[in-house]
Amino acid sequence: MPGDRCPTGVGPIDQLLGGGLETDGLTELYGEGGSGKTLVCLQAATRLALADRWVCYIDTEGVSVDRLEAIAQGHIEQVLKRVLLATPKSLAEQTKAVSTACALARDGRRPVGLVVLDSATFYYRLTLSGDSEDDGRQALGRELAELVATAIGSHLPVVFTNQVWRNQRTGELEPLGGSFVNHAAKTIVRLDKLTGGRRRAVLMKHRSLGESSAEFRITGSGLE
Ligand code: ATP
Ligand code: MG
């Protein structure tokens, strides 16, 4: 039912989210490079795969199997059997990969438990300084709309990651894409880098929980 939670397996983040990723909507993770966005996605994918659910993982950044292996800790073969990995090389390929993931989720022959788009804005960012900015915005908007429809229609958690830019006026790091991206996300979590392996997750938007934060730590085998 709407409002169900899907734990990521990262305890502090699950607590922050009231139990885990909400189904029936998109969760956005944004933060600077190295803040842990990909690690949280990999951890959630591993958890779902080990629970025998299929995961559609769209990876624009070239996640190495080594990183998944470190998190899966001896269960990598089982994880790889359940993770359907797409590695688009352009925004057009990313759009196709999103459509394929949504079709697989709707089809229902494989019980898809999670869709990940990491990062949603890597290729989009490349369009920002040129003539194709409007095309990039439209493509990303269509992708997010399709993901929202799939999350609702298939009662599924969907996670996407977003990169940041420095707002010179406020000095703050802000997620790319502005309001149309943030409107698509039902839940938004900002990840901050603290010293060493420490990271902070801040709940920026949630339909039932107020702003709060939690800390976690990056270790050799992922997050704790
Ligand atoms: P980006 O915006 O660059 O994609 P991210 O927010 O996805 O960054 P992660 O890739 O999750 O960040 O990295 C979080 C931390 O994990 C890094 O600070 C680093 O300590 C560690 N890390 C990154 N790449 C690896 C790797 N290949 N193997 C082990 N640890 C890594
Ligand atoms: Mg990443």
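Arg207 and Glu22 meet in a salt bridge, with their closest N and O atoms 2.6 Å apart. Arg207 sits in the loop between β11 (198-205) and β12 (213-219), while Glu22 belongs to strand β2 (residues 21-22), so the bridge ties together parts that are 185 residues apart in sequence. This is a predicted model.

**Salt bridges**

Side chains of opposite charge can pair when their charged atoms come close. How many salt bridges does a search of the whole structure find? The search finds eight. Three of them are set out here.

| Pair | Closest N to O distance |
|---|---|
| Arg207 and Glu22 | 2.6 Å |
| Asp52 and Arg82 | 2.9 Å |
| Asp192 and Arg190 | 2.8 Å |

Are Arg207 and Glu22 buried or exposed? Arg207 counts as exposed because its relative accessibility is 53%, and the cut-off for exposed is over 50%. Glu22 counts as buried because its relative accessibility is 3%, and buried means under 20%.

The pair of Asp52 and Arg82 also links distant parts of the chain. Asp52 is in the loop between α2 and β4, and Arg82 is in helix α4 (residues 76-82). The two are 30 residues apart. In the third pair, Asp192 forms a salt bridge with Arg190. Asp192 is buried, with a relative accessible area of 13%. Salt bridges that share partners also join Glu22, Lys186 and Arg207 into one network.

**The ligand and the magnesium ion**

Which residues surround ligand 1? The shell includes Glu32, Gly33, Gly34, Ser35 and Gly36. Lys37, Thr38 and Leu39 are also among the residues around ligand 1, as are Glu61, Arg67, Arg199 and Ile218. By type, this shell divides into two nonpolar, five polar and five charged residues. Helix α2 gives the most to the shell, with three residues.

Now look at single contacts. A polar backbone atom of Gly36 is 3.0 Å from an oxygen atom of ligand 1. A polar side-chain atom of Thr38 lies 2.8 Å from an oxygen atom of ligand 1. For Glu61, a polar side-chain atom lies 3.0 Å from an oxygen atom of the ligand. On its own, ligand 1 has 640 Å² of accessible area, and the protein covers 60% of that area.

Thr38 and Glu61 appear again at the metal. They are the protein donors of the magnesium ion (ligand 2), through OG1 of Thr38 and OE of Glu61. These donors lie 2.0 to 2.5 Å from the ion. The pair links distant parts of the chain, 23 residues apart: Thr38 in helix α2 and Glu61 in the loop between β4 and α3 (65-72). Thr38 counts as buried, at 10% relative accessibility. Glu61 is partly exposed, at 37%.

**Backbone details in loops**

Most residues other than glycine have a negative phi, and most peptide bonds are trans. Where does this chain depart from that pattern?

Asp52, met above in a salt bridge, has a positive phi near 70 degrees. Its loop runs between α2 (37-50) and β4 (54-59). Asp52 is partly exposed, at 47% relative accessibility.

His155 is not a glycine, yet its phi is positive, at about 55 degrees. His155 is found in the loop between α7 (133-153) and β7 (157-162). At 31% relative accessibility, His155 is partly exposed.

The peptide bond from Asp118 to Ser119 is cis, with omega near 0 degrees. Ser119 lies in the loop between β6 (112-118) and α6 (122-127).

Terms used: Residues numbered from 1 in each chain as written. Chains lettered and ligands numbered in written order. Predicted model: local features only at pLDDT ≥ 70, side-chain atom pairs only at ≥ 80, totals over all residues. Heavy atoms only, no water. Helix = DSSP H or I, 4+ residues; strand = E, 2+ residues; numbered from the N terminus. Buried < 20%, exposed > 50% of the residue type's maximum accessible area, 1.4 Å probe, protein only. Near = heavy atom within 4 Å. Polar contact = N/O pair within 3.5 Å; in protein donor to acceptor, adjacent residues only side chain to side chain. Areas by Shrake-Rupley, 256 points an atom, 1.4 Å probe, with all protein chains shown as cover. Nonpolar A, V, L, I, M, F, W, Y, C, P; charged D, E, K, R; others polar. Donors = N, O, S within 2.8 Å, 3.2 Å for Na, K, Ca; no water. Salt bridge = Lys/Arg side-chain N within 4 Å of Asp/Glu carboxyl O.
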